[in-house]
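Me: I am new to this structure and should like to understand the grounds for each description of it. Please present it, and I shall then put my questions.

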Amino acid sequence: MPVDSSVGGVVLAGGYSTRFGDADKSIAELEGTPMIRRVADRIAAVTDDVVVNCRSEQKEPIADALSGANATIRFAIDPIPDRGPVAGIHAGLEECDREYAAVVACDMPFVDPALLETLLDRARGRDGAVVELEAGWLQTTQAVYRTDAMARACAATIGEEDNRVVAALEKIDWVSVPEASLEGISEKTFESIDTQEALDDAERRI
Ligand SMILES: Nc1nc2c(ncn2[C@@H]2O[C@H](COP(=O)(O)OP(=O)(O)OP(=O)(O)O)[C@@H](O)[C@H]2O)c(=O)[nH]1
């Protein structure tokens with residue numbers, strides 16, 4: 001897939017991995033490769049510029065995990081930690097200087113670049129494209145956003161009582177992509193590895 005200079009990538013890694021136990025899941029290895037490295041390498045199929053959002057103490061180990069990656073890696077450190085995913089998306093998008101950004105959580109090592117391409121196509125002329133899962137959930141952490149519009153929406157949402165990412169979506173012109181309409185996309189694309197057990201299970205299936 002050719003990379004597009006209007007597209008950047010953002011990897012979200014600023015969470016505390018509380019369900020993962022005593023370790024940062026972003027750098028946990030899946031079959032010998034840190035999960036965040038898998039995510040960055042898959043995003044690198046659609047862009048050569050990837051921003052990683054994390055807390056300051058995560059920067060060094062994550063940079064080690066990403067050394068030699070196929071894209072330029074830049075960091076967007078949370079100015080205030082623990083303000084939730086919307087703050088992480090905001091920090092990442094503020095650092096991104098491309099028109100659109102493919103935003104992916106660090107714990108989704110099977111993200112399918114073909115899905116990101118589909119979302120980029122659907123987002124053109126709009127402020128974003130987000131998959132609506134069959135269960136009704138919106139897959140906001142494996143989505144494409146118009147960088148400026150979503151950064152503004154997140155900034156406005158951070159201080160609100162409802163500071164979920166879906167509250168930011170209400171402030172932009174996004175298109176819903178029903179999960180059932182997706183064709184040829186890996187079934188594992190949305191698999192999120194939140195626990196050590198999920199990591200062990202994914203290793204067994206790889
Ligand atoms: N910057 C930032 N990112 C966050 C924060 N909380 C969650 N995230 C990110 O949002 C994405 C989805 O969050 P979760 O899957 O719940 O990850 P988590 O919060 O690290 O994990 P748990 O503590 O086990 O819920 C992940 O990529 C996280 O890194 C936060 O407070 N700040």
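The exchange below concerns a predicted model.

Me: Why is Gly14 called buried?
Reply: A residue is buried if 20 or more other C-beta atoms lie within 10 Å of its own. Gly14 has 25 C-beta neighbours inside 10 Å, and therefore counts as buried. Gly14 is placed in the loop between strand E1 (7–12) and strand E2 (29–30).

Me: What makes Asn53 and Asp78 contacts of Gly14?
Reply: Two residues are in contact if their C-beta atoms lie within 7 Å. Leaving aside neighbours within four places in sequence, Gly14 has such contacts with Asn53, Cys54, Arg55, Asp78, Pro81 and Gly88. In an unreviewed entry, UniProt lists under "binding site" Leu12, Ala13, Gly14, Lys25, Asn53, Asp78 and Asp107.

Me: Is Lys25 buried or exposed, and on what grounds?
Reply: Lys25 has 28 other C-beta atoms within 10 Å; the cut-off for a buried residue is 20 or more, so Lys25 is buried. Lys25 also lies in the loop between E1 and E2. Beyond its neighbours within four places in sequence, its contacts are Ser17, Phe20, Met35, Asp107 and Ile193.

Me: Why is Ala63 called partly exposed?
Reply: Ala63 has 14 other C-beta atoms within 10 Å. An exposed residue has 12 or fewer and a buried one 20 or more, so Ala63, with 14, falls in between and is partly exposed. Ala63 belongs to helix H2 (residues 59–66). Its C-alpha atom is 8.3 Å from that of Ile73, and the two are 10 residues apart in sequence.

Me: What makes helix H3 mostly covered?
Reply: Helix H3 spans residues 85–95, and 10 of its 11 residues are buried. Among them are Pro85, Val86, Ala87 and Gly88. H3 also provides three residues to the shell around the ligand, the largest share.

Me: Which residues are closest to the ligand, and how is the shell made up by class?
Reply: The ligand is surrounded by 23 residues, of which the closest are Gly14, Gly15, Arg19, Gly88 and Ala105. By class, the shell has eight nonpolar, nine polar and six charged residues.

Me: How do you know that strand E6 is largely enclosed?
Reply: Six of the six residues of E6 are buried, so this strand is largely enclosed by the rest of the structure. Both faces are covered: Tyr100, Ala102 and Val104 are buried on one side, and Ala101, Val103 and Ala105 on the other.

Me: Which residues have the most contacts inside the largest nonpolar core, and which strand gives the most to it?
Reply: The largest nonpolar core has 60 residues, and those with the most contacts inside it are Val11, Ile36, Val39, Ile43 and Val144. Strand E6 (residues 100–105) gives the most to this core, with six residues. Contacts of Ile43 beyond four places in sequence include Gly9, Val11, Ala102 and Val104. In soluble globular proteins, nonpolar side chains tend to be buried together.

Me: What makes E1 and E8 paired strands of E6?
Reply: Two strands pair if there are at least two bridges between them. Six bridges join E1 to E6, which run parallel, and five join E6 to strand E8 (residues 138–146), which run antiparallel; both pairs therefore meet the definition. Gly8 stands opposite Ala101 in E6, while Val104 has Gln142 as its bridge partner in E8.

Note on methods: Residues are numbered from 1 along each chain as its sequence is written. This is a predicted model: local features need pLDDT of at least 70, side-chain atom pairs count only at pLDDT 80 or more; totals for chains, interfaces and linings use all residues. UniProt positions are given in the numbering used here, feature names are shortened, and annotations may be inferred rather than shown by experiment. Helices (H or I, at least four residues) and strands (E, at least two) are DSSP runs, numbered from the N terminus. A residue is near a molecule or strand if its C-beta atom, placed from the backbone, lies within 6 Å of it. Ala, Val, Leu, Ile, Met, Phe, Trp, Tyr, Cys and Pro count as nonpolar, Asp, Glu, Lys and Arg as charged, and the others, Gly among them, as polar. A nonpolar core is a set of buried Ala, Val, Leu, Ile, Met, Phe, Trp, Tyr and Cys residues joined through C-beta atoms within 7 Å.
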